[in-house]
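Subject: Handing over a structure, with notes

Dear colleague,

I am passing a structure on to you, together with some notes on what was found in it. Please look through it below before reading on, as the notes follow the chain piece by piece.

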Amino acid sequence: MKLEKIKYKNFKATVTTMSRKTATQHGLYGFYTPNNNTIVIQKDLNKRDYLDTLIHEIFHFVADKSGIKFRNLGEEGVAKFVGSEFSKILIQNPKLVNVIKWCAKPWVYFF
Ligand SMILES: [Zn+2]
C-alpha cells in the first residue's frame, strides 16, 4: 500500500520515496520540503518506521501550512492542534486511514 499525496485544507503534499542509500547519507528516514510541498520517505522501511516517519512528516506539512507557531503553545496548545488538525487530515485523506490500518497489520516490510 502506497500513499501518493496528502491533502490538508486547500493544500496538497506529494509523498515520494528515496533510496536507503540516500536516506543513510542524510541520516534520516524522511523529510518535508515546504517550497515544493513534498514528503520524502525512505523506500524499504518496516511498517512501524514507515508509519512513524509518515506521521512525523505530515506533522511538518500541517505545521507549515497552518502557520501556527509552536514555540509558546504549551501542552494544551499542542494537544488542541493535534486533535483539530489531524482530525481534518484523517477526514480529508481516507487512504491515509487505510495505510495506518495496513501498517498496523503484523507483516514486516514496506516495499
Ligand atoms: Zn522532523
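Before the details, one term is needed: two strands are taken to pair if DSSP finds at least two bridges between them. Please also keep in mind throughout that this is a predicted model.

With that term in hand, the hairpin is a convenient place to begin. Strands β3 and β4 form a hairpin with four residues between them, and within that turn Asn37 has a positive phi of about 50 degrees. The value is that of a residue other than glycine, and Asn37 is partly exposed, having 17 other C-beta atoms within 10 Å. The two strands of the hairpin run antiparallel and are joined by four bridges, and one of the pairs that can be located by eye is Tyr32 with its bridge partner Ile39 in β4.

Stepping back to the whole chain, the secondary structure comes to four helices and four strands, which follow one another along the sequence in the pattern β-β-α-β-β-α-α-α. The radius of gyration is 14 Å, close to the 13 Å that the globule rule gives for 111 residues, so the protein is as compact as a globular protein of that length. Along its principal axes the C-alpha trace spans about 35 × 30 × 25 Å, and 21% of the 111 residues count as buried. Among the contacts with a separation of 6 or more, 58% are accounted for by residues 24 or more positions apart.

The sheet comes next. Its four strands are arranged in the order β1-β2-β4-β3, and the sheet they form is open, with mixed pairing. The edge strands are β1, residues 5-8, and β3, residues 30-33, each of which pairs on one side only. From one strand to the next, the twist averages 20 degrees.

Going through the remaining pairs in turn, β1 and β2 (residues 11-18) pair in the antiparallel sense over four bridges, and at this junction Tyr8 stands opposite Phe11 in β2. The loop between β1 and β2 holds Lys9, which has a positive phi of about 50 degrees although it is not a glycine. Lys9 is exposed, with 12 other C-beta atoms within 10 Å. The pairing of β2 with β4, by contrast, is in the parallel sense and extends over five bridges, with Thr38 in β4 as the bridge partner of Thr14.

How many residues of β4 are buried? Four of the five are, so β4 is largely enclosed by the rest of the structure.

A residue that may help you to find your way around this part of the sheet is Thr17, which has its place in strand β2. Leaving aside residues up to four places away in sequence, Thr17 touches Val40, Ile41 and Lys43. Although Thr17 and Lys43 are 26 residues apart in sequence, their C-alpha atoms are 5.3 Å apart in space. Thr17 is partly exposed, with 18 other C-beta atoms within 10 Å; the count required for a residue to be called buried is 20 or more.

The last element I would point out is helix α2. This helix has 20 residues and reaches 28 Å from its first C-alpha to its last, which is close to the 28 Å expected at 1.5 Å a residue. Its buried residues are Tyr50, Thr53, Leu54, Glu57, Ile58, Phe61 and Val62. As background to reading that list, an α-helix has 3.6 residues a turn, so residues three or four places apart point the same way. The partners against which the buried residues of α2 pack are β1, β2, β3 and β4, together with the helices α3 (74-92) and α4 (94-104). Just after α2, Gly67 takes a positive phi of about 75 degrees.

If you have time for a few views only, I would suggest the hairpin of β3 and β4, the parallel pairing of β2 with β4, and the buried residues of α2 with the elements they pack against.

With best wishes

Conventions:
Residues are numbered from 1 along each chain as its sequence is written. This is a predicted model: local features need pLDDT of at least 70, side-chain atom pairs count only at pLDDT 80 or more; totals for chains, interfaces and linings use all residues. Axes are lines fitted to C-alpha atoms, for helices over the stretch in contact, and angles run from 0 to 180 degrees between N-to-C directions. Two residues are in contact if their C-beta atoms, placed from the backbone, lie within 7 Å. The expected span of a helix is 1.5 Å times one less than its number of residues. The radius of gyration is taken over C-alpha atoms; the globule rule is 2.2 Å times the number of residues to the power 0.38.
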